Amino acid sequence: MSRLSHSLSDFVLRQIRNHFVGPDQSWVFRPPPSDWSPQPAERTSIYLHVPFCRHFCPYCPYTKIPFDKSLLEPYTTAAIAEVDWWADRIGPAAITSIYIGGGTPTLATDSVERVLSRVRQRFRVNGDICIETNPSDVDSETVKRLRAMGVSLVSLGVQSFREEMLTLLGRDYLPIAADRALGLLADAGFLSINADLMFALPGQSSLDVTSDLARAAQLGASQLTTYPLFTFPYSKVGKYLNLKSVRMPDLGTRRAHYRAINEWTAGHNFERVSVWGYKKGTVPRYSSVTRGSYIGIGPGAGSLLADGFVLNTFDFNSWSEQTTGGRTALALRLPFDAKMSGWWWLYWRLYDTRIPLDELDQALAGDAPKARRWLKIFEQAGLAVRRNGFFELTEAGAFWLHLAQNYFALNYVNQLWTQAGLDPWPQAITI
Ligand code: SF4
């Protein structure tokens with residue numbers, strides 16, 4: 001992107017956020033003030049970040065480090081200390097869900113088990129435990145361990161059942177490994193099994209996409225999460241794909257794939273539960289990003305609190321030195337004003353593709369009429385319908401609104417993560 005189009009895009013994004021959130025909300029992440037502390041909480045959720053990967057996928061934007069067995073003990077000690085840090089401040093809150101992501105959590109099942117045990121000692125856990133898994137690491141022993149530690153929802157990062165797509169993505173397994181892993185998970189009795197599948201991959205057809213959906217469903221996936229290859233500017237994907245002389249699919253292809261996914265899932269009794277997610281029957285929904293509040297454990301983990309968003313240092317050594325010394329690993333904080341909290345709520349309800357109208361007035365308070373005006377415009381444009389007390393995005397609405405959301409979010413995530421990845425303790429990051 002040229003400097004001019006970059007400035008223009010920044011200008012447009014600033015106008016949009018000013019229109020919705022207003023001029024009083026700060027957009028500068030800074031270190032939390034020395035006298036700041038999280039407030040006691042009645043209930044929240046936990047995100048545990050396990051940063052290890054045996055193999056780095058070139059498109060991946062997440063905070064990760066190469067797997068090294070000798071780091072498991074320091075990681076576990078530091079994560080347990082961080083659980084204690086939060087519990088000492090927010091109190092014995094009810095934990096309504098635990099999400100274990102990464103990285104590759106199944107490379108560190110002992111660590112995960114020990115951290116979960118401390119979470120149960122310090123909090124009141126009464127929700128589901130969800131974990132991300134990778135086809136390379138799922139064997140019968142791992143599955144047994146996950147069941148024993150109380151994991152109820154599991155997600156497998158299949159991405160594709162086609163070997164050439166896995167090669168293109170730099171994944172380190174063959175389709176047969178994904179088949180086997182999904183079969184083992186399906187036989188183990190988890191409440192929900194999600195399969196992550198990618199679309200809009202170079203050279204992929206709509207038929208390839210729906211064949212992948214069919215294969216995952218046939219192997220026992222009760223939820224299908226499909227997402228396009230995000231071209232995060234700070235991941236190596238652009239460079240990687242250019243080097244391989246492949247052309248990314250255009251917007252029309254991406255649109256056609258999304259339509260095919262919606263048609264296939266609707267025809268096979270999968271209900272859309274988010275922009276990318278479809279679940280079957282009454283199984284609980286597997287989701288990583290839509291909690292109202294959560295505390296993050298691990299390097300680079302974020303926490304969403306009543307008064308804003310805080311982010312741990314991304315640097316493993318800095319994170320572990322701080323938490324094992326009983327100090328905070330929080331490097332950055334963005335306080336939310338009341339308006340921002342309301343619009344943040346609406347942002348995630350748009351991601352869910354369903355907005356409960358009875359909650360909208362309370363969530364947005366004085367901004368509710370403005371939100372309703374916009375929802376009306378979406379309705380008139382065929383992007384949404386009102387149904388049973390909800391404002392539901394249509395298939396076209398889900399596609400176009402999320403494309404806009406995606407652009408907005410990637411722009412900010414890019415700025416924040418790039419700088420936080422370069423400097424363990426940044427003084428200020430303006431987004
Ligand atoms: S996609 Fe998953 S396995 Fe690949 S580098 Fe990222 S976190 Fe690791």
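These are my notebook entries on the ligand shell, a few strand pairings and the cysteines of a predicted model.

**Entry 1: ligand shell**

I looked up the residues around the ligand. The surrounding set is C53, H55, F56, C57, Y59, C60, K64, G103, T104, N134 and R171. I then sorted this shell by class. Five residues are nonpolar, four are polar and two are charged.

**Entry 2: strands β9, β10 and β11**

I turned to β11, which covers residues 277–280. Which strand does β11 join through three bridges, with T225 opposite G277? The partner is β9, residues 223–228, and the two strands run antiparallel. T225 faces G277 of β11.

I also checked β10, residues 270–272. β10 pairs with β11 over three bridges, again in the antiparallel sense. Here F270 has K280 of β11 as its bridge partner. The connection from β10 to β11 is a hairpin through four residues.

**Entry 3: cysteines**

I searched the whole structure for disulfides. The count is zero. A disulfide is a covalent bond between the sulfur atoms of two cysteines.

Why does C130 form no such bond? I looked up the cysteine sulfur closest to that of C130, and it belongs to C53. The separation is 19 Å, so the two sulfurs are too far apart for a bond. The cut-off for a disulfide is 2.5 Å.

I checked burial for both residues. C130 is buried, at 1% relative accessibility. C53 is buried as well, with a relative accessible area of 9%. C53 is also one of the residues that surround the ligand.

Conventions. Residues numbered from 1 in each chain as written. Predicted model: local features only at pLDDT ≥ 70, side-chain atom pairs only at ≥ 80, totals over all residues. Heavy atoms only, no water. Near = heavy atom within 4 Å. Nonpolar A, V, L, I, M, F, W, Y, C, P; charged D, E, K, R; others polar. Pairing = 2+ DSSP bridges. Buried < 20%, exposed > 50% of the residue type's maximum accessible area, 1.4 Å probe, protein only.
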